[in-house]
Amino acid sequence: MATLSFNPTRLRRPTVKSQNPSLNSTYSKKSINKLFTASKTLSNARKNHIKWHSIRCNSLSESSVSSPTNTEINEEEDDPTAELSYLDPETDPESISEWELDFCSRPILDIRGKKVWELVVCDSSLSLQYTKYFPNNVINSITLIKAIASISEELGVRLPERIRFFRSQMQIIITKACRELGIKPIPSKRCLSLMLWLEERYETVYTRHPGFQKGSKPLLALDNPFPMELPENLFGEKWAFVQLPFSGT
């Protein structure tokens, strides 16, 4: 049975930087309840004005930025097109040996009217957080290999030993990229921190993006949904081997 340890205060928001194999684990009903409870806690924490930290800039070069005012910083933190690259300074980079990864299209359209893709990576404690947008015409294992390697270089962490992912439709690309880098790919629904973070991003980032598509399919729709309790009228109470004549069937 999965257990959940999630600290919403570890989530960071950036400054401007402008989707069927059988999975190896499933959740119990109790684990699902914990997941949604933690999600509500995350939402409440955000309402209480958690202090978010920002790291990198895309649309503005470092040389063109000088001593931004508090007003400018607040405007940047609210930018839904921003990306994030963060490593908790109190965390030993060598201690992070497993990442959780999602590489999929988002309910967002670019200026061409095409779906925007996003790479989201974190570890189970959210000490490492990384997001990056991609146009839909560069989605392949080569792009993912370069992106994973860039995370290691930007944040000064070694490549992980394992990468967990829950989208079975992306297995080929993710598995190929991981193997090229000597990383063990693990298809798993136990990407708890990643799933909670994606829920938070849907509410606070994607829905506020200028290209957001209303009425889009759920972001965390899975091929194999979580197990549900069997209705009582379907419980089997007795088993028996019987022989029936063909004419009676």
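Here is a short chat about the fold of this predicted model.

User: What order do the elements of the protein follow from the N terminus on?

Analyst: Let's start with the inventory: the secondary structure comes to five helices and six strands. Reading from the N terminus on, the elements run α-α-β-β-β-β-α-β-α-β-α.

User: How much of the protein counts as buried?

Analyst: The accessible surface comes to about 14500 Å², and carbon and sulfur atoms hold 52% of that. As for burial, the cut-off is under 20% relative accessible area. Of the 249 residues, the share that counts as buried is 45%.

User: Which strands stand at the edges of the sheet?

Analyst: The open sheet has six strands with mixed pairing, in the order β1-β4-β3-β2-β5-β6. A strand at either end of that order has a single partner, so one of its sides is left without a neighbour in the sheet. The strands in those spots are β1 and β6 (184-187).

User: By how many degrees are neighbouring strands of this sheet turned against each other on average?

Analyst: Sticking with that order, β1-β4-β3-β2-β5-β6, we can look at the turn from one strand to its neighbour. With direction ignored, the average is 25 degrees.

User: Which residue in β5 does Trp99 stand opposite?

Analyst: Trp99 falls within β2 (98-109). β2 pairs with β5 (residues 162-165) in the parallel sense, over three bridges. Across from Trp99, in β5, stands Ile163.

User: What distance should helix α5 span, and how far apart are its end C-alpha atoms?

Analyst: α5 covers residues 192-204, which makes 13 residues. The rule is 1.5 Å times one less than the number of residues, so the expected span is 18 Å. The end C-alpha atoms agree with that, being apart by 18 Å.

User: How many of the residues of α5 are buried?

Analyst: α5 lies across β1, β2, β3 (115-122) and β4 (128-134), running at about 135 degrees to β3. Among its buried residues are Leu192, Met195, Trp197, Glu200 and Arg201. The helix is mostly covered, and out of its 13 residues the buried ones number 10.

User: Is Asp88 buried or exposed?

Analyst: Asp88 is found in the loop between β1 (84-87) and β2 (98-109). Its relative accessible area is 7%, and anything under 20% counts as buried. So Asp88 is buried.

User: Which backbone nitrogen does the side chain of Asp88 reach?

Analyst: Asp88 sits in the loop between β1 and β2. From there its side chain comes to 2.9 Å from a backbone nitrogen, and that nitrogen belongs to Glu90.

Key
Residues are numbered from 1 along each chain as its sequence is written. This is a predicted model: local features need pLDDT of at least 70, side-chain atom pairs count only at pLDDT 80 or more; totals for chains, interfaces and linings use all residues. Side-chain values use heavy atoms; hydrogens and water are left out. Helices (H or I, at least four residues) and strands (E, at least two) are DSSP runs, numbered from the N terminus. Buried means under 20% relative accessible area, exposed over 50%, partly exposed in between (1.4 Å probe, protein chains only). A polar contact is a pair of N or O atoms within 3.5 Å; within protein, one must be able to donate a hydrogen and the other to accept it, and residues adjacent in sequence count only if both atoms are side-chain atoms. Two strands pair if DSSP finds at least two bridges between them. Axes are lines fitted to C-alpha atoms, for helices over the stretch in contact, and angles run from 0 to 180 degrees between N-to-C directions. Contact means heavy atoms within 4.5 Å. Accessible areas come from the Shrake-Rupley method with a 1.4 Å probe; for residues, only the protein chains shown count as cover.
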